[in-house]
Amino acid sequence: MPLSKRLAAEFFGTFWLVLGGCGSAVLAASFAGPVHGLGIGFLGVALAFGLTVLTMAFAIGHISGCHLNPAVSVGLTVAGRLPVRDLVPYIVAQVIGAIVGAFVLSVIASGKPGFDLVASGFATNGYGDHSPGHYSMMAAFVCETVMTAFFLFVILGSTDQRAPAGLAPIAIGLCLTLIHLISIPVTNTSVNPARSTGPALFEGGAAIDQLWLFWVAPIIGAIIAGVIYPLVAGQQRNAQA
């Protein structure tokens, strides 16, 4: 598949992840409609993120691999699944898609009278006072590193040629849902530098100041999984130039 088509797929896929996942948190998590407590809540947001990846994995997995995440691309490169020459273009496409997705979400959210983008938090990630549960920087760093490592481990395992065919999107989507159920209270769940970058650019403030952690920790976790999975699975790692 030509690189241009793969990058377009990554752009649209990451756009959908931010619009669907972050959109569920910003627009629907605590929505107070005609029926009290109509919002989808904690579980709904976790499921929304999983569904964005599951649906896009079926839609574009055969085009680009459906990474939607710079950390995933790094981990797959380390594991020899993505050529090194494609890594930076993939990351650029993902970040742009996330930013555009966050922009569209801001336009929709701002259509509600009284909506304050900064006060809402705009589904950004953070630690300390910017953490939903006020978890420390160290707790957030460990959480993001470990969760991303296991996310990559599941991705590598479910897309292994020896794994049951056609079921990878379900395993990956459910894994991301589980990760959100565990880590929303800690960091609002990133495990994806692009997902963190898009909303942070619009919310500003602490989200920008703390953005470094949501690049560094997921990438470290992805590298760990990219090294460990081939050893566990008995594969020979054939890094591509």
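The legends below accompany close-up views of a predicted model.

**View 1. Helices α3 and α4 pack side by side.** Welcome to the pairing of α3, residues 70-78, with α4, residues 84-109. Their axes lie 9 Å apart and make an angle of about 170°. Angles over 145 degrees count as roughly antiparallel, so α3 and α4 are roughly antiparallel to each other. On the α3 side, the contact is made by P70, S73, V74 and T77. Facing them from α4 are V84, L87, Y90, I91, Q94 and V95. Sorted by class, the residues of this contact are seven nonpolar and three polar, with no charged residue taking part.

**View 2. Helices α6 and α7 form another contact.** Here α6, residues 137-158, packs against α7 at an angle of about 175°, with 9 Å between the axes. The two helices are therefore roughly antiparallel to each other. If you would like to trace the contact from α6, look for A139, A140, C143, E144, M147, F150, F151, V154, I155 and S158. Their partners in α7 are A168, A171, I172, C175, L176, I179, I182, S183, V186 and T187. By class, the contact of α6 with α7 has 16 nonpolar residues, three polar ones and one charged.

**View 3. L68 has a positive phi in a loop.** The backbone is worth a look at L68, where phi is near 60°, a positive value in a residue other than glycine. L68 is found in the loop between α2, residues 41-64, and α3. Is this residue buried or exposed? With 1% relative accessibility, L68 counts as buried, because the cut-off for buried is under 20%.

**View 4. V191 also has a positive phi.** Although V191 is not a glycine, its phi is positive, at about 50°. The loop that holds V191 runs between α7, residues 168-187, and α8, residues 193-203. V191 has a relative accessibility of 1% and so counts as buried.

**View 5. The largest pocket and its lining.** How much space lies in the largest pocket? The volume comes to about 940 Å³. The lining is made of 49 residues, and those nearest the pocket centre are G65, L76, R81, I155 and T159. Two or more lining residues come from each of α1 (3-28), α2, α3, α6 and α7. Which element gives the largest share? That is α2, with eight residues. For anyone thinking about the chemistry of the lining, the classes are 25 nonpolar, 18 polar and six charged residues.

Note on methods
Residues numbered from 1 in each chain as written. Predicted model: local features only at pLDDT ≥ 70, side-chain atom pairs only at ≥ 80, totals over all residues. Heavy atoms only, no water. Axes fitted to C-alpha atoms, helices over the stretch in contact; angles between N-to-C directions. Helix = DSSP H or I, 4+ residues; strand = E, 2+ residues; numbered from the N terminus. Parallel < 35°, antiparallel > 145°, perpendicular 65-115°, else oblique. Contact = heavy atoms within 4.5 Å. Nonpolar A, V, L, I, M, F, W, Y, C, P; charged D, E, K, R; others polar. Buried < 20%, exposed > 50% of the residue type's maximum accessible area, 1.4 Å probe, protein only. 1 Å grid on protein atoms, 1.4 Å probe; cavity = no way out; pocket = protein on both sides within 12 Å on 5 of 7 lines; lining within 4 Å. Points joined across faces, edges and corners; volume = space filled by probe spheres on them.
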